[in-house]
Amino acid sequence: MSEFRDQHEQELPQLEAMKEYMEDIAIPSEVDEKIWSGIRAGRLRRRRRVYTRMAAYTACLLLLVSAASVRFSPEVAAYVGEIPALRPLVELIHYDKGLELAIDNDFMQPVGLSEEQDGIKMTIDGIIADESRIIVFYTLENMDGQKSVVNLEKVELTDNKNTSISQAFYPHEEDWKIIQGTIDLYPNEGASIPDYLNMIFRFDKVTESATNRPEWQFAIPVDKAKFEGLKETYDINQTVSVEGQKITFGAMTVYPTRIEIEVDYDPSNSKKLFYFDDLRLEDEKGETFSTINNGVTGSNISENSQVLYFQSNYFRKPKHLYLRASSIRAMDKAMREVKVDIDRKELLTRPDSKLTLKDIGTSSEDGQGILVFEMKNENPLDQNHMFSLFESTYKDASGQSFESHMASTSGNEAEYEYQYFIKKENYQSPLTLYIQDYPTRIHGDIDLRIK
Amino acid sequence: MGNDLLVTAAKRGDDAAFYSLISQHKEKMYRIAYSYLKNETDALEAVQEVTCRAYMQIRKLKEPDYFGSWLIRILMNYCADEVKRKIRRNDGQQAAAAALEPLAASVESALLERVMLESAVEQLDANYQKVIQLKYYHDLTITEIARTLQKPEGTIKTWLHKALGGLRQRLAKEGESNE
């Protein structure tokens with residue numbers, strides 16, 4: 001190469017030797033394989049985003065989803081030994097103090113049922129159950145080290161349609177050894193807990209060859225004596241006003257796995273209240289238990305009334321209890337409509353400039369339309385929080401209502417993409433979507449004594 | 001098929017096109033990774049991870065001609081982070097020891113010379129190090145280095161000049177103290 005010679009260069013013949021030395025480094029034959037692995041991982045990771053599927057019977061549940069399953073990387077597996085040791089199950093629910101307390105207080109029911117299919121061994125490790133909620137802990141083991149990507153495709157209770165199921169599962173990379181996760185079951189109002197949970201799981205494997213779809217079936221025994229009669233109820237019945245918006249807190253029900261509080265919003269409020277930022281239960285020692293921030297966080301009873309779920313301090317047996325909060329995400333009711341011109345791919349109305357429409361696309365899998373929004377939000381209050389922006393119901397210009405069954409978020413808290421899936425229909429533009437959560441707020445202290 | 005077409009196809013999601021782009025640079029990628037990470041396993045891991053990152057970001061690549069420089073930049077960022085991570089994990093000494101191992105069989109004086117040179121290079125400022133490595137270890141042109149590091153060619157020439165000067169001084173000093 002004669003393009004550029006530096007005066008110092010001639011004095012350093014060693015440098016020239018380096019090039020030859022580098023060229024002597026043999027290229028291992030695995031490098032091509034690694035490139036393909038990288039491509040596959042890239043394809044997966046590009047797709048890796050949190051999907052919220054909204055089945056009809058969960059439409060009234062308020063969901064927040066973050067990682068609820070944990071992947072063991074092969075490096076970690078190698079570190080802990082040839083047969084990787086299982087993590088303490090408590091680590092899977094570290095996001096919920098109440099559930100951690102439940103485990104500490106021996107409230108977990110060990111199960112230990114296993115079934116192996118197609119090289120994947122699934123074990124139901126245990127459950128935590130009471131009348132309001134059942135959490136199923138499971139472990140997947142890749143027995144013969146098959147290279148395949150697994151994705152939890154289906155979870156079903158065969159004989160109980162009156163229960164909602166919530167699960168978060170990321171597609172796992174192909175070199176997995178162990179995956180541990182949890183599945184939440186919520187018996188609907190009035191549904192009884194069965195003596196056995198008859199559950200079916202199906203994992204989709206993305207491999208070159210495998211097209212069979214084995215199912216894992218379990219009859220998981222539930223020891224109901226363990227939680228019978230543990231429920232406690234309190235009447236709060238107090239109304240507060242924050243920036244003129246009236247909120248009434250009704251009955252509180254305490255279960256070991258969660259606490260439920262009824263909340264009513266005055267229909268004459270000018271704003272729609274979305275979520276409390278920091279609503280919490282505080283005991284006489286100042287220990288706080290916040291609302292559940294992963295999984296089902298509440299359920300809507302009607303337009304102006306909902307039940308919010310808190311991490312449970314049941315096992316702390318507090319003497320006194322206060323309900324406190326200082327800010328609420330809310331928006332003028334008239335501002336909640338976002339109109340999307342689907343022909344010109346632009347927003348006709350939006351709450352503010354934080355929200356933009358990036359694109360309108362079509363899902364390659366099922367032809368559904370995808371409205372791709374972008375959210376830019378630097379508010380430090382919203383760290384670790386990506387908003388589920390829109391309600392599942394939307395309308396077109398003719399006034400007809402439709403249901404979206406899927407939404408997804410990807411990116412980071414300051415700048416993320418929110419995809420809203422719409423059915424393949426002949427819509428009359430514009431579509432109207434309704435905001436259900438947004439980083440606009442009202443402020444004011446709430447401080448109620450419950451007991 | 002020219003790189004323009006390959007990049008366009010890769011952006012559309014054509015994996016074969018993407019593979020053929022990466023493949024053009026695989027030897028360089030592996031060797032640069034090896035020179036940073038000093039062992040085969042980590043270097044292969046780097047190729048995989050950098051391929052993955054490039055795959056995810058290819059839509060952001062504006063100039064198809066710069067694919068190679070862009071890829072090497074991703075690689076160097078990855079390697080720099082990995083090296084830092086290794087040092088944090090206190091694996092630094094082990095890594096250095098591992099690096100010497102495969103060389104044990106080579107001629108002793110050549111080995112000593114190279115180890116001295118490498119250690120002198122590693123004492124240079126980060127930017128000087130990169131310029132020396134890219135130019136002399138991996139045979140990149142000034143233009144390619146400028147694109148990879150996203151600096152004007154003039155800056156690269158200045159860095160190179162200073163780096164070579166520094167290197168010469170260090171090697172001279174080492175030589176004296178060894179004699």
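Is D139(B) buried, exposed or partly exposed? In this predicted model, D139(B) has 15 other C-beta atoms within 10 Å. A residue counts as buried at 20 or more such neighbours and as exposed at 12 or fewer. D139(B) is therefore partly exposed. The residue lies in the loop between helix 8 and helix 9 (142-149) of chain B. Its phi is near 65°, a positive value in a residue other than glycine.

Chain A comprises 451 residues, of which 31% count as buried. Its secondary structure consists of four helices and 30 strands. Contacts in chain A were considered between residues at least 6 apart in sequence; 67% of these join residues at least 24 apart.

One open sheet of chain A contains five strands. Their order is 22-21-29-25-26, and the pairing is antiparallel. Strand 22 and strand 26 (401-403) stand at the edges. Each has a single partner strand, so one side of each is left without a neighbour in the sheet. From one strand to the next, the twist averages 35°. Strands of a sheet pair through backbone hydrogen bonds, either parallel or antiparallel.

At one end of this order, strand 21 (residues 337-341) of chain A pairs with strand 22 (residues 346-349) of chain A. The sense is antiparallel, and three bridges are found. Within this pair, D341(A) stands opposite E346(A) of strand 22. The two strands form a hairpin with four residues between them. K345(A) lies in that turn. Its phi is positive, about 50°, although K345(A) is not a glycine. With 15 other C-beta atoms within 10 Å, K345(A) falls between the limits for exposed and buried, and is therefore partly exposed.

Strand 21 of chain A also pairs with strand 29 of chain A, in the antiparallel sense and over four bridges. Two of the facing positions can be named. K339(A) stands opposite T432(A), and V340(A) stands opposite L431(A). Strand 29 has a further antiparallel partner in strand 25 (residues 390-395) of chain A, over three bridges. Here K395(A) stands opposite T432(A). T432(A) thus faces K339(A) in strand 21 and K395(A) in strand 25.

The two faces of strand 29 of chain A can be told apart. L431(A), L433(A) and I435(A) make up the covered face. T432(A) and Y434(A) make up the uncovered one. In a regular strand the side chains alternate between the two faces of the sheet.

The loop before strand 29 holds a cis peptide bond. This bond joins S429(A) and P430(A), with omega about 0°. P430(A) is placed in the loop between strand 28 (415-422) and strand 29 (431-435) of chain A.

Elsewhere in chain A, E189(A) is found in the loop between strand 9 (178-187) and strand 10 (196-206). E189(A) has 9 C-beta neighbours inside 10 Å and so counts as exposed. The C-alpha atoms of E189(A) and N162(A) are separated by 8.5 Å. Along the chain these two residues are 27 apart.

Chain B meets chain A through 36 residues, which are in contact with 30 residues of chain A. On the chain B side, the elements that give two or more residues are helix 2 (15-24), helix 3, helix 4 (40-57), helix 7 (108-122), helix 8 (126-137) and helix 10 (153-178). Helix 4 supplies the largest share, nine residues. By class, the chain B side divides into 17 nonpolar, eight polar and 11 charged residues.

Helix 3 (residues 26-37) of chain B has 12 residues. At 1.5 Å a residue, helix 3 should span 16 Å, and its end C-alpha atoms are 16 Å apart, which agrees. The buried residues of helix 3 are M29(B), Y30(B), R31(B), I32(B), A33(B), Y34(B), S35(B) and L37(B). An α-helix has 3.6 residues a turn, so residues three or four places apart point the same way. Helix 3 is followed by K38(B), whose phi is positive, near 70°.

Notes: Residues numbered from 1 in each chain as written. Chains lettered and ligands numbered in written order. Predicted model: local features only at pLDDT ≥ 70, side-chain atom pairs only at ≥ 80, totals over all residues. Contact = placed C-beta atoms within 7 Å. Pairing = 2+ DSSP bridges. Expected span 1.5 Å × (residues − 1). Nonpolar A, V, L, I, M, F, W, Y, C, P; charged D, E, K, R; others polar. Axes fitted to C-alpha atoms, helices over the stretch in contact; angles between N-to-C directions.
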